[in-house]
Amino acid sequence: MKILVPLKRVPDPDTKIRLKPDGTGVETDGVKFSVNPFDAIALEEALRLEEKLGEMDIVVVSIGGEASIEQLRVGLAMGAQRALLIKTGAALDSLAVAKILAAVYQREQPDFVLMGKQAIDDDANQTGQMLAALLGIGQATFVSRLELVEQRTRARCARETDAGLESITVKLPAIITADLRLNEPRYVSLPGIMKAKKKPLEELELEALGVAAVARTTVLHYEAPPSRQAGVRVPTVEALVDKLKNEAKVI
Amino acid sequence: MANILVIAEHDAGQLKLATLSALGFAAQTAATTHGVYDVLVIGAQMGTTAESLRAYGARQVLVADAAPLQSPLADRHAWVIEAVVKQRDYGIVVAAASTFTKDILPRAAALLDAGMLSDVVGVSRTDDDLVFKRVMYAGNVLATVTLAGDLKFLTIRAAAFAPVVAGTTLSPVEQIPLPAGPMPDLAEYGGREAKVAGRPDATEARVVVSGGRAIKNAEDFERLVGGLADALGGAVGSSRALVDSGITPNSLQIGQTGKIVAPDLYLAVGISGAIQHLAGIKDSKVIVAINKDADAPIFEIADYGLVADVYTAVPELTAQLKQ
Ligand SMILES: Cc1cc2nc3c(=O)[nH]c(=O)nc-3n(C[C@H](O)[C@H](O)[C@H](O)COP(=O)(O)OP(=O)(O)OC[C@H]3O[C@@H](n4cnc5c(N)ncnc54)[C@H](O)[C@@H]3O)c2cc1C
Ligand SMILES: Nc1ncnc2c1ncn2[C@@H]1O[C@H](COP(=O)(O)O)[C@@H](O)[C@H]1O
């Protein structure tokens, strides 16, 4: 079986996000970048399926500049067999990325795509659903348990929804997006890094893929959201109840 | 100018309150663009649900009512939305952000080759277009964004838009026939794990009590966090730390990658205040933090901070509230 796993390069979740003083973007100088955490979870799931079911062809793909090679190498070191960089310097949005991934999908013909539910930079939570629509295939989003059933023709998934766990069985091929409880991704090991050096990493210019993918969204300005001020400390539970009743009047 | 289609959300027919905020957004935006708005409800046996939507100023309440639409499956819901948008003239399709709408709206948007913005918290009008505000980077960044194209898909944060007020004129209800052609059949719904009944949903409650890593096990969570929530008639929530350790279900997680809440009162019980958690609570009116570490970052944003052990402070608080 072949599984396609998109990996996005994003600022590490533990770094403090700083804005450029002129509001044109987020400061990237000196910022540590990582594989989008949900994408790492998606890749981990692909690797676990391989461990359980036998050899698979796991292909990681990233769309962006040369710098994304760093994240693809992490993917290879975790255990993916092959990496593909779709090179572009253009600003993209979820629909544009979905169109590019649809072209990659046509080229690679995977059995399914495992990807993150959300990129932690744009926090859009759209690409997987859009990709499924463009390909006319099914989707299972926010997945926290995944099992291949019926001779691997379907995926039985548990989905994390606002109202609780939902169960859905989706026909393959499909797009499956990972939620955080699906698994805990492995750390990259030294032997993994050594092996990764010999694995194929292909670079392809976006133009060569033949998709017109222009972002519809334009960010005009970035600013810090209004910040909350620290309030007061209360010495006792009694004082707290008094404040809530008589000052804030919320109880 | 551009007309708006609001997608209503319901749970087995029970309208989600956030829908009224999506209608509020629509009313506000339609007023500035001289357009009108319709509301679409999709499901099975939607008679009363449709009825409950008639008082909110929509030009029409559209109902796609059919047995195969009973389960919240994205392929079928997106297919209905696609057909409705193609038949009528809309410039905006909008819903309140939730796991349900985030599952179906991007799919419908791509079917119609439309761009989409998630979690919109503001809208204003320029000469020829709309300009939106949305949060990114775990709530660290407020972005001013435009979305090109004659058709725009949006999810809005319910807390950012005042719910529409019910009026006395009732909108007409129109049944939408199922789109022509075969119904998508890409997935099968297997049901939902029964939710623990009794407490309101954190996104709809006036008071939310959330527990963090300070809480050692599920019994303590129920006793301390649940007990305090019940004393206040509120909902419960939790940090990711408790979800990760299996003490609370994921549906309770509040934050960047969980639920976004904006109650009148948010009580953080033994939560440190990681940026990803704060992303989900910043719009609360009053935030209370109880934490034994006086330097915990949660105190930097809390209106009232109590440095104390939650195992003694919370039972005491619950007892005093019950008096
Ligand atoms: C991609 C990504 C997404 C994330 N999304 C979310 C999200 O949506 N929501 C979320 O919450 N987190 C999220 N996180 C995790 C987040 O970074 C933090 O790890 C998490 O919020 C910490 O939870 P906590 O505050 O309960 O635990 P901790 O940070 O361990 O804090 C526990 C606190 O309890 C206090 N304490 C301990 N014992 C007691 C006691 N007896 N009495 C009083 N106080 C006590 C301690 O002083 C401490 O401040 C995400 C992380 C990543 C990487
Ligand atoms: N530039 C990119 N390269 C690779 N994958 C991406 C890229 N952008 C988005 N994705 C994938 O789409 C998912 C959802 O992203 P988003 O819709 O932006 O929240 C991510 O978790 C990734 O799996």
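Helices (H or I, at least four residues) and strands (E, at least two) are taken here as DSSP runs, numbered from the N terminus. The model is predicted, and local features need pLDDT of at least 70, side-chain atom pairs count only at pLDDT 80 or more, and totals for chains, interfaces and linings use all residues. Residues are numbered from 1 along each chain as its sequence is written, chains are lettered from A and ligands numbered from 1 in the order in which they are written, and side-chain values use heavy atoms, with hydrogens and water left out.

Ligand 2 makes a convenient starting point. In chain A, β4 (57–64), α3 (94–108) and β6 (112–116) each supply at least two residues of the shell around this ligand, and the largest share, three residues, is that of β4(A). There are 19 residues around ligand 2, and A:Asp39, A:Ile63, A:Ala119, A:Asn125 and A:Thr127 come nearest; a residue is near a molecule if one of its heavy atoms lies within 4 Å of it. Sorted by class, the shell holds eight nonpolar, eight polar and three charged residues. For this sorting, Ala, Val, Leu, Ile, Met, Phe, Trp, Tyr, Cys and Pro count as nonpolar, Asp, Glu, Lys and Arg as charged, and the others, Gly among them, as polar.

Polar contacts (pairs of N or O atoms within 3.5 Å; within protein, one must be able to donate a hydrogen and the other to accept it, and residues adjacent in sequence count only if both atoms are side-chain atoms) add detail to this picture. A polar side-chain atom of A:Asp39 is found 2.5 Å from an oxygen atom of ligand 2. The side chain of A:Ser94 places an N or O atom 3.1 Å from an oxygen atom of the ligand, while a polar backbone atom of A:Asn125 lies 2.8 Å from an oxygen atom of ligand 2. On its own, ligand 2 has 490 Å² of accessible area, of which the protein covers 97%; such areas come from the Shrake-Rupley method with a 1.4 Å probe, and for residues only the protein chains shown count as cover.

Ligand 1 lies between chains A and B. Among the 27 residues around it, B:Arg213, B:Ser239, B:Gln253, B:Ser272 and B:Gln276 come nearest. The shell around ligand 1 divides into 10 nonpolar, 12 polar and five charged residues. Side-chain N or O atoms of B:His277 and of B:Asn291 each lie 2.8 Å from an oxygen atom of ligand 1. A nitrogen atom of ligand 1 is 3.1 Å from a polar side-chain atom of B:Asp309. Taken alone, ligand 1 exposes 1000 Å², and the protein buries 83% of that. Two or more residues of its shell are given by each of α6 (240–244) and α7 (275–278) of chain B.

The chains themselves also meet. Contact (heavy atoms within 4.5 Å) takes 87 residues from chain B and 75 residues from chain A. Together the chains bury about 6700 Å², 54% of it on carbon and sulfur atoms, where buried area is the accessible area (1.4 Å probe) that two parts lose on being put together, summed over both. On the chain B side, B:Thr99, B:Tyr137 and B:Tyr304 lose the most area to chain A, together 11% of what that side buries.

Seven salt bridges (a side-chain nitrogen of Lys or Arg within 4 Å of a carboxyl oxygen of Asp or Glu) are counted between chain B and chain A. One of them joins the side chains of A:Glu223 and B:Lys133 (3.2 Å, N to O).
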